[in-house]
Structures are given as structure tokens and as C-alpha cells.
Amino acid sequence: ETQKPTPADITGLTIAQRAEQLTAQKGHVSDETGTIDRDSLKTLNERAEAIAQNSGIQVAAVITNDLSTLTPEAFAAEYYNSLYGAGTSGFLVLVNNMTGKDLIHTSGMCSHYLPQDALTLDISKATPHIVTQDYAAAVDQIFSLADQMPDTIFDYSGILSKEQYAQFCEIAEDAIKDESKHFSVLLVDTRTWQTANSLQSYADA
């Protein structure tokens with residue numbers, strides 16, 4: 001039988017410290033309840049890492065019984081920002097056993113392209129798994145949101161509206177015409193992309 005990790009001891013820790021513990025373990029999924037077995041946790045962390053490597057989107061999940069006096073929205077935002085930094089593109093899934101309000105916090109480009117009504121629907125679809133404490137299946141299902149992000153034009157600057165993005169894609173595809181060639185366009189905010197090396201690293205990936 002696969003062993004489950006023991007519940008995390010988070011007594012007296014700030015949200016930032018809890019996120020630091022996850023970062024130190026090179027993880028993206030924190031199950032503070034000890035419900036997800038180690039193999040499933042490893043699979044989820046590997047999937048989150050693959051999403052980050054392939055698309056530049058940061059994804060994380062926290063399953064907890066303790067919001068540390070914060071609202072679910074504030075907890076998820078602070079935890080995400082502590083993990084990846086404010087303004088980065090990604091989302092965090094919060095399975096909230098304290099008040100029962102589960103949610104998806106989005107940041108950067110994900111806030112722009114993942115509408116709140118769709119996120120509410122995704123949480124609803126995952127609720128049957130959450131109710132039965134099959135948290136691994138719930139998180140895995142919600143991580144599929146990353147597939148909805150653009151794969152040709154990456155607007156990490158947040159400049160383009162949805163309409164402008166669609167228009168940009170049409171113009172770019174019409175300009176190339178040759179379907180055997182692939183291209184990507186990356187728009188960035190130089191306040192968060194500080195060096196040419198970071199752009200080169202992204203291009204290499």
C-alpha cells in the first residue's frame with residue numbers, strides 16, 4: 001500500500017514561510033492535510049514543472065485546513081506571490097477545508113485569458129473529487145487550464161485585450177502563410193524580465 005505523507009506542521013508559520021517550505025522541497029503542490037499519497041504528489045509536481053518548462057505558466061495547488069485568519073482570496077494571492085512573485089503568469093488552486101470555499105487565483109497573463117466565470121465552472125467540475133477527498137484528481141483536472149493559454153503569442157505584458165490578441169494572431173499567421181514554419185511572439189514587461197539572458201532561456205526552452 002502506498003504510504004501517505006503526514007499532515008504538515010504549520011503551527012505559527014506565516015503564509016510566506018509555508019510557501020518557502022514548498023519551494024525548498026522544489027514542489028508546486030502543498031497538501032497540508034497529508035491526504036494525497038506520495039506517488040500522486042510526485043506526479044502532480046512533475047506535471048506542474050512540465051507546464052512551467054513548456055509554457056512559462058506557473059501552476060500550484062494548496063490543500064489546507066488553515067487559512068491563517070485570511071479570506072480564501074487573500075490567502076491564495078499571498079501564497080502564490082510568495083511562491084512565484086507578483087505579476088508572474090500562472091494560477092494557484094486552493095482547496096479550502098476551513099471554510100469550504102475553493103477557488104483558483106490567477107496572476108499575470110492567466111488573469112487576462114482565464115475568465116472568472118470559466119474558473120468557477122472548473123471548480124464546480126472538480127467538486128465531486130474534492131468532496132470524496134480525491135484531491136489529486138481534482139488538482140490534476142484543474143491544472144488542465146494551462147492548456148487553454150496561448151501557444152503562439154505570449155503576452156506576459158498584459159497589454160493586449162482578447163480582441164487585440166485574436167487580431168494579432170490573424171495578422172501574424174497571414175504574414176507567415178507557410179504552415180511548415182512555426183513562430184512565437186513574446187511580449188514582456190521589462191520590469192519583470194530584467195535581463196536578455198532570461199529571454200534567451202525562455203527561447204531555448
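Here are some short exercises, with worked solutions, on the predicted model above.

**Exercise 1: Get your bearings**

Work out how many helices and strands the protein has, and in what order the elements run.

*Solution.* Start with the count: the protein has 8 helices and 6 strands. Next, walk along the chain from the N terminus, and you read α-β-α-β-α-β-β-α-α-α-β-α-β-α. Then look at burial: of the 205 residues, 41% are buried. Finish with the contacts. Taking those with a separation of 6 or more, 66% join residues 24 or more positions apart.

**Exercise 2: One side of a helix**

Find the buried residues of helix H6 (residues 135-143), and say where around the helix axis they sit.

*Solution.* First, list them: Tyr135, Ala136, Ala138, Val139, Ile142 and Phe143 are the buried residues of H6. They cover an arc of only 165° around the axis, so they lie on the same side of H6. Now ask what sits over them. The cover includes S1, H2, strand S2 (58-64), strand S3 (90-96), S4 and helix H5 (116-131).

**Exercise 3: Into the core**

Which residues of the largest nonpolar core touch the most other members, and which element gives the most to this core?

*Solution.* The largest nonpolar core holds 36 residues, and Phe91, Ile142 and Phe143 are the ones that touch the most other members. Several elements give two or more residues to this core: H2, S2, S3, helix H4 (109-113), H5, H6, strand S5 (153-155) and helix H7 (162-176). H6 gives the most, with 6 residues. Zoom in on isoleucine 142 next. Leaving out neighbours within four places in sequence, isoleucine 142 is in contact with Phe91, Val93, Ile104, Asp122, Ile123 and Ala126. One last step: there is also a second, separate core of 15 residues, and Leu67, Ala76, Leu83 and Leu94 are among them.

**Exercise 4: A histidine in a strand**

Is histidine 105 buried or exposed, and what does histidine 105 touch?

*Solution.* Place it first: histidine 105 is in strand S4 (residues 103-107). Its relative accessible area is 17%, and the cut-off for buried is under 20%, so histidine 105 counts as buried. For the contacts, skip residues up to four places away in sequence. That leaves Ala76, Ala77, Tyr80, Gly90, Phe91 and Leu92.

**Exercise 5: Map a pocket**

Describe the lining of the second largest pocket by residue, element and class.

*Solution.* The space in the second largest pocket is about 340 Å³. Its lining has 19 residues, with Ala8, Leu22, Gln25, Ser30 and Asp31 nearest the centre. Sorting by element, helix H1 (15-24), strand S1 (29-31) and helix H2 (38-55) each supply at least two lining residues. H2 gives the most, with 4 residues. Sorting by class, you get 7 nonpolar, 7 polar and 5 charged residues.

**Exercise 6: Two positive phi values**

Where are lysine 26 and serine 68 placed, and are they buried or exposed?

*Solution.* A bit of background: most residues other than glycine have a negative phi. Lysine 26 is not a glycine, yet has a positive phi of about 55°. Lysine 26 is in the loop between H1 and S1, and its 74% relative accessibility makes it exposed. Now do serine 68, where phi is also positive, near 55°. Serine 68 is in the loop between S2 and helix H3 (72-84). With 25% relative accessibility, serine 68 counts as partly exposed.

Key: Residues are numbered from 1 along each chain as its sequence is written. This is a predicted model: local features need pLDDT of at least 70, side-chain atom pairs count only at pLDDT 80 or more; totals for chains, interfaces and linings use all residues. Side-chain values use heavy atoms; hydrogens and water are left out. Buried means under 20% relative accessible area, exposed over 50%, partly exposed in between (1.4 Å probe, protein chains only). Contact means heavy atoms within 4.5 Å. On a 1 Å grid over the protein atoms alone, a cavity is a set of points where a 1.4 Å probe fits but cannot get out, and a pocket is an open set with protein on both sides within 12 Å along at least five of seven lines; lining residues have an atom within 4 Å of a point. Grid points are joined across faces, edges and corners, and a volume is the space filled by probe spheres set on the points. Ala, Val, Leu, Ile, Met, Phe, Trp, Tyr, Cys and Pro count as nonpolar, Asp, Glu, Lys and Arg as charged, and the others, Gly among them, as polar. The arc is that of the directions from the helix axis to the C-beta atoms. A nonpolar core is a set of buried Ala, Val, Leu, Ile, Met, Phe, Trp, Tyr and Cys residues joined through side-chain atoms within 4.5 Å.
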